[in-house]
Amino acid sequence: MATDETLNSRRLAFDILRNITEKKETFDVALISGMANYPAMEERDRAFARHLITTCLRHLPFLDGLIDGAMDAPLEDRNLGTRNWLRLGITQILYMNVENHAAVHTTVELISNSPTKGIRGKKGLANAILRRFAKNSEQLLEKSQSDATANIAPWLRERWLKQYGIEELKLVSEALLIEPPLDLTVKDKTQIDAIVANLNGQKLGNYTCRLPKAGEVTGLKGFNEGQWWVQDFAASLPVQLMGDVKGKNIADLCAAPGGKTMQLASAGANVTAVDVSKKRLLRLEENLKRTNLSAKIIASNILKWHPEQLFDGILLDAPCTATGTMRRRPDVPINKTVDDVLKLSGVQKNLLEHSFKQLKTNGTLIYCTCSLEQEEGEDVIKNFLENTPSAKRIPFTANDIGPLSSEIKTEKGDIRTLPSILGDIGGMDGFFISRLTKQDI
Ligand SMILES: C[S@@+](CC[C@H](N)C(=O)[O-])C[C@H]1O[C@@H](n2cnc3c(N)ncnc32)[C@H](O)[C@@H]1O
């Protein structure tokens, strides 16, 4: 008999998976609400559940291929609960330090005790399938390891193959299987060496301290003192690429929760931070307070925002499908679709058009998204430049970018980062960044 702790940690992983796949919750929301339902759970069991759910989500398309291949008749959509238990069971068999028989036994026990009749009814089927997987686990693991692209959702695999080619697709697929590091952006670059030494981290560029593993950040040295904030290395590039912003009036549009607002403010800019979400702006305010930085905060839809003065610089970090952040948000391939890419591409075009109107002549506008999709990056800029005679791209140069230039600069002079870049030291999020200016016409 499995212990209550063993069963509960698997139940927690199941609840999170159910809320992502059935209620379409994001990974972060499902994780927080799931954990809250088990207040007495030991940290060790929470860590197990977290590891189980992230490993399962990262391999989901491969796992589904195995499940579908093992069925005489396809498992219908209404049996998503059973599929979720099978996904978690196989994850333990193939990728985790759990004895095969224990993985089978606990999964079948949990299915038998499920409050849902339809799930309980599949106990025999689940038992037979999981036993077969357990028996062939070595071959299945070998198969899984031979082709990382099998872990990418088909709709994304097809798009990335077309956009990036097979070699890059393979590298990105491999990078997405790895637990990402934790990157901290430091407030004061003169302190970077001391912070890196204090936290036993690794220095990336002038502003990022990289720690090998994500974890509870509030207990780390320097958090309470506001010396740094969590921000992926790639996400720190757009502000760095704005150039010297000291004393300039900069609008940070789509600003919350404020990673880039803090970077701009700490570089000496007079920042106006605008976001439509009041809830997310509360987090921005907390962040500014903790880091002892300031910005003028405006809660507004950018499309309805008409400032009295134009700005020297604008940063537009537009809402996007976030396919570049899948290492930390493994729900994205499940809950986003091609329709979202197309819909958001339209939103981004409108936001860029409106934002550009608030820029002074000769000012700088940086447009960025954390999406790997061309429609949300390259195509937005192409369309905008074609339709806006006063807009001009200022291509990034090797001087602006530094050592990574040859890897991340596109032919047109924009930036395209991928999770596979710096892969040997933990990779980075996928971002698209373009720099524009306004000229008199
Ligand atoms: C990618 S996030 C921004 C991240 C932020 N720049 C940072 O570095 O922490 C996109 C933001 O756009 C905001 N947003 C979406 N549509 C908007 C709109 N029409 N007007 C203003 N903000 C919007 C969302 O509320 C969300 O906070």
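Colleague: How are helix α2 and helix α3 packed, at what angle and how far apart are their axes?

Modeller: Two packed helices are described by the angle between their axes and the distance between the axes. This is a predicted model, and in it α2 (residues 27–36) packs on α3 (residues 43–58) at an angle of about 150°. The axes of α2 and α3 are 12 Å apart. Angles over 145 degrees count as roughly antiparallel, and α2 and α3 are therefore roughly antiparallel to each other. The crossing of α2 past α3 is right-handed.

Colleague: Which residues of α2 and α3 make the contact?

Modeller: From α2 the contact takes F27, L31 and M35. From α3 it takes R46, R50, I53, T54 and L57. By type, the residues in the contact of α2 with α3 are five nonpolar, one polar and two charged.

Colleague: R44 lies in α3 too. Is R44 buried or exposed?

Modeller: Relative accessible area over 50% counts as exposed. R44 has 61%, so it is exposed. As for its place relative to E5, the two are 39 residues apart along the chain, and their C-alpha atoms are separated by 9.8 Å.

Colleague: Now the other helix pair. At what angle do α17 and α18 pack?

Modeller: Helix α17 (residues 338–356) and helix α18 (residues 378–387) meet at about 45°, with axes 10 Å apart. That angle makes α17 oblique to α18. Their crossing is right-handed. On the α17 side the contact involves S345, Q348, K349, L352, E353 and F356, and on the α18 side D379, V380, I381, N383 and F384. The contact of α17 with α18 divides into five nonpolar, three polar and three charged residues.

Colleague: What does Q374 touch, leaving out residues up to four places away in sequence?

Modeller: Q374 is found in the loop between β9 and α18. Its contacts are Q163, D379 and R416. D379 also belongs to the contact of α17 with α18. At a relative accessible area of 33%, Q374 is partly exposed. The C-alpha atoms of Q374 and I16 are 31 Å apart, with their positions 358 residues apart along the chain.

Colleague: How should I read a nonpolar core, and which residues of the largest one touch the most other members?

Modeller: In soluble globular proteins, nonpolar side chains tend to be buried together. Here the largest nonpolar core has 51 residues, and W160, L241, L264 and I433 touch the most other members. At least two residues of this core come from each of several elements, among them α10 (154–164), α14 (259–266), β9 (359–369) and β12 (431–438). Another core lies apart from it, with 49 residues including F14, L66, Y95 and F133.

Colleague: What is L241 in contact with beyond its neighbours within four places in sequence?

Modeller: L241 is in contact with I366, F396, D400, I401, I415, I433 and R435. Of these, I433 is also named among the core residues that touch the most other members.

Colleague: Where is M428, and is it buried or exposed?

Modeller: M428 is in the loop between β11 (415–417) and β12. Under 20% relative accessible area counts as buried, and M428, at 0%, is buried. Beyond four places in sequence, its contacts include R210, D232, F233, R327, L404 and P419. T190 lies 238 residues away along the chain from M428, and their C-alpha atoms are separated by 23 Å.

Colleague: And T291, is it buried or exposed?

Modeller: T291 is in helix α15. Its relative accessible area is 1%, so T291 is buried. Not counting residues up to four places away in sequence, T291 touches K187, G226, W228, W229 and M262. N292, in the loop between α15 and β7 (296–299), is exposed at 66% relative accessibility.

Colleague: What is there to note in the backbone, such as phi of N292?

Modeller: Most residues other than glycine have a negative phi, and most peptide bonds are trans. Phi of N292 is positive, near 55°. K24, in the loop between α1 (4–21) and α2, also has a positive phi, near 60°.

Colleague: Which peptide bond is cis?

Modeller: The bond from A256 to P257 is cis, with omega near 5°. P257 is in the loop between β5 (249–253) and α14.

Note on methods: Residues numbered from 1 in each chain as written. Predicted model: local features only at pLDDT ≥ 70, side-chain atom pairs only at ≥ 80, totals over all residues. Heavy atoms only, no water. Core = buried A, V, L, I, M, F, W, Y, C linked by side-chain atoms within 4.5 Å. Buried < 20%, exposed > 50% of the residue type's maximum accessible area, 1.4 Å probe, protein only. Helix = DSSP H or I, 4+ residues; strand = E, 2+ residues; numbered from the N terminus. Contact = heavy atoms within 4.5 Å. Axes fitted to C-alpha atoms, helices over the stretch in contact; angles between N-to-C directions. Parallel < 35°, antiparallel > 145°, perpendicular 65-115°, else oblique. Left-handed = near helix turned anticlockwise from the far one by under 90°. Nonpolar A, V, L, I, M, F, W, Y, C, P; charged D, E, K, R; others polar.
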